[in-house]
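This briefing introduces the structure shown below to a reader who has not met it before. It treats charged side-chain pairs and the confidence of the model in turn.

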Amino acid sequence: MGKKKEEKVRDDKVDVDRDDGASWWLVQKGIGASFICIALFALLVRVAVSLHPYSGAGNPPKFGDYEAQRHWMEITLNLPVTEWYRNSTTNDLSYWGLDYPPLTAYQSYVHGLFLRFFDLESVSLFSSRGYESYLGKLLMRWTVLSSDALIFFPAVLYFVCVYYTSHNSSRRNDIVWHISMLLLNPCLILIDHGHFQYNCISLGLTVGAIAAVLSQKDLVASFLFTLALNHKQMSAYFAPAFFSHLLGKCLRCKNPLLEVIKLGLVVIGTFAVVWWPYLHSADDFFGVLSRLAPFDRGLYEDYVANFWCTTSILIKWKRLFTVQSLKLVSFTATVLTCLPSMVQQVLAPSGKGFLYGLMNSSFSFYLFSFQVHEKSILLPLLPASLLALEEPRPFRWLTHHALFSMFPLLCRDKLILPYMAMYAVFTLLYLTPGGRSRLKKTDHSSSIASIMIGFLYLCSSILHIVYLTIRPPEKFPYLFEAMIMLMCFPQFALCAFYSNAKQWLLSKHSTVDKEKKLI
């Protein structure tokens, strides 16, 4: 009796301490030191990748994404805010004009101040086009690294603390493995620190918003996700999941209308603050808005592994339909494929269902929306990473094909060596004890399925070698890109179908659990 009483007192103490939040959990689980070690290693990996070439390196006249980001810094530094999105003699929009929302422009301004302090010539308007000095490149790389460390890393820590405080049975090895998968995702590292972009900011804000939703801080979540939308418009891939989940929660409150109004005011207020310089004139506002919708580029470009580009081998969408028709068709297809996931969350909102919903809505946009880029696969990959402990095999499968789908892009950037190194690092980390234990628990595949999976891995390996060693026929210069696309698209579609099915099964399980409680 005395022992049981002592255990009860100890359990009560734990419950009280647990209310202190993440600090208790970090100390109790010993995760803090592990996170710091993984974060330091992840930063070193990012630095190593950044030593290699980037998009458009030494490739005039327009260079590439690196030059675009540098040019935005000089534009925001040297021109008044109302001129940033306006075509003029000092801002030629045909040369990497700003085409992201205002928060990206403000970020470019802050980074431009940093560059100007150390290397004035790197952001001198007119004279710095194609500027590629060693110091300039070093400073540019540091802007991405610091953005990752200040936004994405803390957001991951926030998510892990929130997610695993409700998973009391999770082992320390599992949690450490999950942190590794999030911070050492090869696709994000290669795009941001190799190719050169700042996806870590918008994705970091999104992860923070997801963690806030899971911790019942819906107003904070609305604020953070609105910031993500205002950094990159592609964050709209997640909007249906946020909208349906938060609406479903509001409908279960005592005063649903009041809850909706509060969330709406946070969203509108955040948009108003970010867009304030452009709200004083209709021309300024619509001028910025027109830059965010790249309809003039057509339904797709390059060989992105989505529905429109893949089926264009048989159906010449661009020839058969006008841009207006394709906009309507792609919008309808995106909405219809999002709808089942949204309905499920409105009817039965839950934390796990929300994570699956994020994956489903982002896949709908990736597969069916207008003007999708290869890099957009980072968006479905984010919720898949958050669900990695629940779905280790689909996560690895999706990561493999996401990386493979971007292989031609990374080859053009001369990032073959970091591509291979990052894939090896990911595989080694994936097969650590935390990953192996999850694989054993979730291994329900048949021998036929295992053979098929092995065969597809072999095919992708062969296609890698073929792409690097054999020149395509002159009549079909993009034959190998098309083959990669044809191989990746069915896998993405299969992952989307699987994720939708898993989300709806959650409703079935919750209904069964309720019936058991009633019995």
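Which kind of link do the side chains of Glu 391 and Lys 502 meet in? The model is a predicted one, and in it these two side chains form a salt bridge, with an N to O distance of 3.2 Å. A search of the whole structure finds 11 salt bridges, some of which are described here by topic.

**The pair Glu 391 and Lys 502**

- Distant parts of the chain are linked by this pair, whose members lie 111 residues apart.
- Glu 391 belongs to the loop between H18 and helix H19 (392-405), whereas Lys 502 is part of helix H24, which covers residues 479-518.
- Glu 391 counts as buried because its relative accessibility is 8%, under the 20% limit for that class.
- Lys 502 is partly exposed, since its relative accessible area is 28%, a value in between the limits of 20% and 50%.

**The pair Asp 65 and Lys 375**

- A salt bridge joins Asp 65 to Lys 375, and their closest N and O atoms are 3.7 Å apart.
- This pair also links distant parts of the chain, with the two positions 310 residues apart.
- Asp 65 lies in helix H4 (residues 65-78), while Lys 375 sits in the loop between helix H17 (351-368) and helix H18 (378-386).
- Both Asp 65 and Lys 375 are buried.

**Salt bridges within helix H4**

- Arg 70 and Glu 67 form a salt bridge in which the closest N and O atoms are 2.8 Å apart.
- Because Arg 70 and Glu 67 are 3 residues apart in helix H4, about one helical turn separates them.
- Arg 70 has a relative accessibility of 1% and therefore counts as buried.
- Glu 67, at 2% relative accessibility, likewise counts as buried.
- A network of salt bridges links Glu 67, Arg 70 and Glu 74.

**Confidence of the model**

- The average pLDDT of the protein is 88, and 89% of the residues score at least 70.
- Residues 1-20 have a pLDDT below 50, and this stretch has 4 contacts in the model beyond near neighbours in sequence.
- Over residues 511-519 the pLDDT stays under 50, and the model has 0 contacts for them beyond four places in sequence.
- Predicted coordinates should not be read in detail where pLDDT is low.

Definitions and conventions. Residues are numbered from 1 along each chain as its sequence is written. This is a predicted model: local features need pLDDT of at least 70, side-chain atom pairs count only at pLDDT 80 or more; totals for chains, interfaces and linings use all residues. Side-chain values use heavy atoms; hydrogens and water are left out. pLDDT is the predictor's confidence in each residue, from 0 to 100. Contact means heavy atoms within 4.5 Å. A salt bridge is a side-chain nitrogen of Lys or Arg within 4 Å of a carboxyl oxygen of Asp or Glu. Helices (H or I, at least four residues) and strands (E, at least two) are DSSP runs, numbered from the N terminus. Buried means under 20% relative accessible area, exposed over 50%, partly exposed in between (1.4 Å probe, protein chains only).
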